[in-house]
Structures are given as C-alpha cells and as structure tokens.
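Please open the model in a viewer and keep the sequence panel visible. The tour below proposes a series of selections and states what is found at each stop.

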Amino acid sequence: MRVGVLALQGDFEAHAAALRRACASADVVEVRQVAHLEGLAGLVIPGGESTTMLKLMEYYGLFEPLREFGSRRPVFGTCAGAILLASEVLNPAQASLGLVDLTVERNAYGRQLDSRVVRIAGHELGGEPELEAVFIRAPIIRHIGEGCQVLAQYGGDPVLVEAGSHLVATFHPELSSDPRVHSLFLSKVTV
Amino acid sequence: MRYLDEAFRVKVGLAEMLKGGVIMDVTDARQAEIAEKAGACAVMALERVPADIRKEGGVARMSAIRVMREIMRTVSIPVMAKVRIGHFAEAQVLEALEVDYIDESEVLTPADEEFHIDKRAFKVPFVCGCRNLGEALRRIAEGAAMIRTKGEAGSGNIVEAVRHMRTIVREMKQLTVLGPEELVAESKKLGAPLELVEYVHQNGKLPVPNFSAGGIATPADAALARFLGAEAVFVGSGIFKSSDPETRAKAIVKANTNYTDPKAVLEASEELGEAMPGLDVAKLPESELMQTRGW
C-alpha cells in the first residue's frame, strides 16, 4: 500500500514517521509535484502554513490534481491540512480544496502563546480513554456539514472529523506517539 | 530528559510546522505582505536588514513596536522578531506583544557579552544561531526550540552558511560512532551538557529543527543549504536588497520545495534579475563579523 504525504512545506516528515509507526509495511512517499500522485492509495496533507502550501500548489499546478485525487481516494488533513480540505475558510477567507463540507477559522485560538497540549477524553477512537492532542496556532471548525461525523471534541468544538473516506484533525496526531489516528486513516486507505 | 518537557514540545511544535519553508526578514508591513504573497512560511521583523546594519553601523536593536504590531495585523503567517543577545527585557516586551517566535540574534548588537537569555523562563519559543554543535547544544540547554546555523548575515555570500552547516552535520555524525565511554569527555570538549550529547549520540540529530541562515541570496543557494541538511531556510537581505524582491521571493520559495529537482530550481531561477551585491567574507575584518557574537 503506497501512501503519499504532501511535502510542499510543513511537518511532512513527522507524518511519514507516524504512518510507519501505525503500519510498519506502509510505503510512504513525498508528494511535491503532480507526477508524484500516481499510484497512491491515499494522501496526507500535513501541518504547516496553509497560505504557503496554497502558493506552492499554484506554482506547481497541484490544486486541480489534488481535488481530483481527493474525489476518488482518501485524504487526511491535519491543521493546515484541515484548512486546505475545508469547503470554507475564515480569518481571512482563502481558497481551499473543498473536499470536506466544513467551515474552518484559521488561528482561532490565538497566536503561538495559545498553542497547547491537551488530553481529550470521550473520543470515538476506541482503546485508551484519553487522546493527547497537540494544538499549534490551530484552527477551529465552526460548522460541519451533513455526512461529517465528529470523533473527538475539545472545548465544545469538533477537533477530529470523519467525512466518508476523508479524515480531518485540527490538532497534530503526528506529533504524539499514539498511532490510533493514523491507523484509522490507513484503515480507510486499505478499504 | 528534563530539557524536553511538554512546554518545550509546544515550542518545538511550531518549528516543526515551519520545516520545508522560507522565513523572510522584513522591516515593515509592506515587505511582510510581499513575503506572505510569495509563500513565506513566516516573517522575521527587524529594524534594518543585516546588509544595512553592516553598512550604516551603530547599535542595532529590537524593531519599533508600532512596526511590529502593523506587521502582525497585516499577515496571517507566524511573525518572529529579533532581540539582542542577552537582552531578556527586550524579549519580555516581545512576549507581551505576543510575537510567535523570538530570535536571540547575533545580527543585532549584543547586550550581554557573557550570557544568553534564560529561554526556559519564557512561554514564547526562541530560535538561536550556531556555528557548530557545541554552540547549538548550549543554546538548546538554555531553552532554544529551534537552531539556525549563523552563516554571515548581510554578506550575500553563502560560504559561511555552508561552513557552519557542514560543521554541525559532521560533528553530529561523528558523535554517533563514539562509544559510551567517550561521551563525558566529548561533552567537556563541546562545552555542552552530557544529556544533550547523549541525545545526539543516539539520534544523530538535534532534538529541535535545524535551519540555515546568513548569506542565502539565490534559489540555488537555498537548494544548497537544504542539500547540506537545513530543514528550512532564513533569507535576510537576499530578497529586499535584490533588484526584484517579489520575483526573487517567489523564486526562492519555489526552488526550496523542489530543491532536489534541478529542473525546478532552473525554472525558478529563469526570470531573475540582479542578486544583492555580495561581500568577500575573508576580507572582512574580524571586528565586522557577526557570526563570532554568541558564547
């Protein structure tokens, strides 16, 4: 099973390592150009700066190919990745792939001083009752469309959302040692 | 390890998000906007770019608050700002301002010629410069959550950035092949805490991201820094001292992402005009070097 990590900018290496922790046999490749999407069973859009990634998608003609890829294969976005997958982006408004029916507000907790590590209880992942969530200048999901299922919440807001074969997290499971979120994504990729 | 607690992970977390990107020096909101539009992953606010500090002389300090506030209002990407080495009161002001990262930087005039800031006392993360592994580990011990090799700021000459990146990468590789009985002596030699020496011995890399700075002026310079081990690049005078800041900023961002593909670097370099004028670092008097500031 070959899974891609969008490596335009951001913590793509942390995602590659997390995918390998979740499944030792996963064949993980970095995607920087359109040709790299070929033969992939799924794609992760990492954390980083969403404006930077949008620019680089424009420079390398990746915007439409990524939308097309997401229309037929599972995509998992964390933080900036969640912003890029959403159907609407606020603060400020910007383009997005629109693969998941969500409204996302950028930097909604504040600046870096408001970044934090929290423990979430009562999530839908199964296993250990607590899930560590690392939030870095994180967005908040302000609205979810039909067909979206909330798997975890923090402060009353959805932070892990499943939408068909796609998965969206506003935190960074790739920065924690717990492999459950990446395992869930890989289970969608293998279907 | 006591250095790597949860508060530290949050600081390193933002550095992780900046990987693979270009951080650009800006002196006002207009430049910050150009940087963001070109695809910079963060901007670094400073009073004057290093090339001007070098030319004009005088004491270089933290930026004016009014200018930093305007930059923070203008862009949605992280805003970093420089403080003088050892000037913890300037750093407290920047933390109160809520900048996203502080660079305790040799580019500004040092405020303390013995001690750096106790960076663990702050909630805002810090980046510091280094020329070698010992210097990097001392800064991490003080609480730096990101390291950048210093190069020679404002020179437009990549030679020092190359020297410093090659040095630290070589020193890290050498540590991995030492026996455990050699580590205490190595810690003494490097002037760095044993725990951090052991970390590098086991992992072959720093416990924080390692970026490159000081002399990057072209897309190929950025590619070279990345090939040598930089996880992201800082570009200072290189953009706003060139004849074509907007085009050059885009070109460096573009090349930096696909640095392993020479055709992409070629394409990014195609439309460029004049790069900033460079300096022969070997001809600079010792007193004019910025890289030797820091202890």
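Two strands are said to pair if DSSP finds at least two bridges between them. The model is a predicted one, and the tour begins with the strands of chain A.

**First stop: a pair of strands**

Select Val3(A) and Gly42(A): Gly42(A), in β3(A), is the bridge partner of Val3(A). Now extend the selection to strand β1 (residues 2-6) and strand β3 (residues 42-45) of chain A, which run parallel and are joined by 3 bridges.

**Second stop: the whole sheet**

Next, display the strands of chain A in the order β2-β1-β3-β4-β12-β11-β10; these 7 strands form an open sheet with mixed pairing. At its edges stand β2 (27-31) and β10 (148-154) of chain A; each has a single partner strand, so one side of each is left without a neighbour in the sheet. From one strand to the next, the twist averages 20°.

**Third stop: helices on the sheet**

Add helix α1 (residues 12-22) of chain A, which packs on the sheet and touches β1, β2, β3 and β4 (75-78) of that chain. The direction of this helix makes about 155° with that of β1(A). Then add helix α3 (residues 63-72) of chain A, which lies across β1, β3, β4 and β12 (166-169) of chain A. Helix α3 of chain A runs at about 125° to β3(A).

**Fourth stop: between the chains**

Which side chain of chain B meets Arg119(A) in a salt bridge? Select Glu6(B): the two side chains meet at 2.7 Å, N to O. Arg119(A) lies in strand β7 (residues 116-121) of chain A and Glu6(B) in helix α1 (residues 6-18) of chain B, so the pair joins two chains. Arg119(A) is partly exposed, at a relative accessible area of 40%, and Glu6(B) is also partly exposed, at 33%. Include Glu132(A) and Arg9(B) as well, since salt bridges that share partners join them with Arg119(A) and Glu6(B) into one network.

**Final stop: within chain B**

Select Arg148(B) and Asp103(B), whose side chains form a salt bridge of 3.0 Å, N to O. Arg148(B) belongs to strand β6 (residues 146-149) and Asp103(B) to strand β4 (residues 101-105) of chain B, so the pair ties together parts that are 45 residues apart in sequence. Both Arg148(B) and Asp103(B) are buried.

Finish with Arg48(B) and Glu56(B), a salt bridge in which the closest N and O atoms are 3.2 Å apart. Arg48(B) has 16% relative accessibility and therefore counts as buried, the limit being under 20%. Over all chains, a search of the whole structure finds 35 salt bridges.

Key: Residues are numbered from 1 along each chain as its sequence is written. Chains are lettered from A and ligands numbered from 1 in the order in which they are written. This is a predicted model: local features need pLDDT of at least 70, side-chain atom pairs count only at pLDDT 80 or more; totals for chains, interfaces and linings use all residues. Side-chain values use heavy atoms; hydrogens and water are left out. A salt bridge is a side-chain nitrogen of Lys or Arg within 4 Å of a carboxyl oxygen of Asp or Glu. Helices (H or I, at least four residues) and strands (E, at least two) are DSSP runs, numbered from the N terminus. Buried means under 20% relative accessible area, exposed over 50%, partly exposed in between (1.4 Å probe, protein chains only). Axes are lines fitted to C-alpha atoms, for helices over the stretch in contact, and angles run from 0 to 180 degrees between N-to-C directions. Contact means heavy atoms within 4.5 Å.
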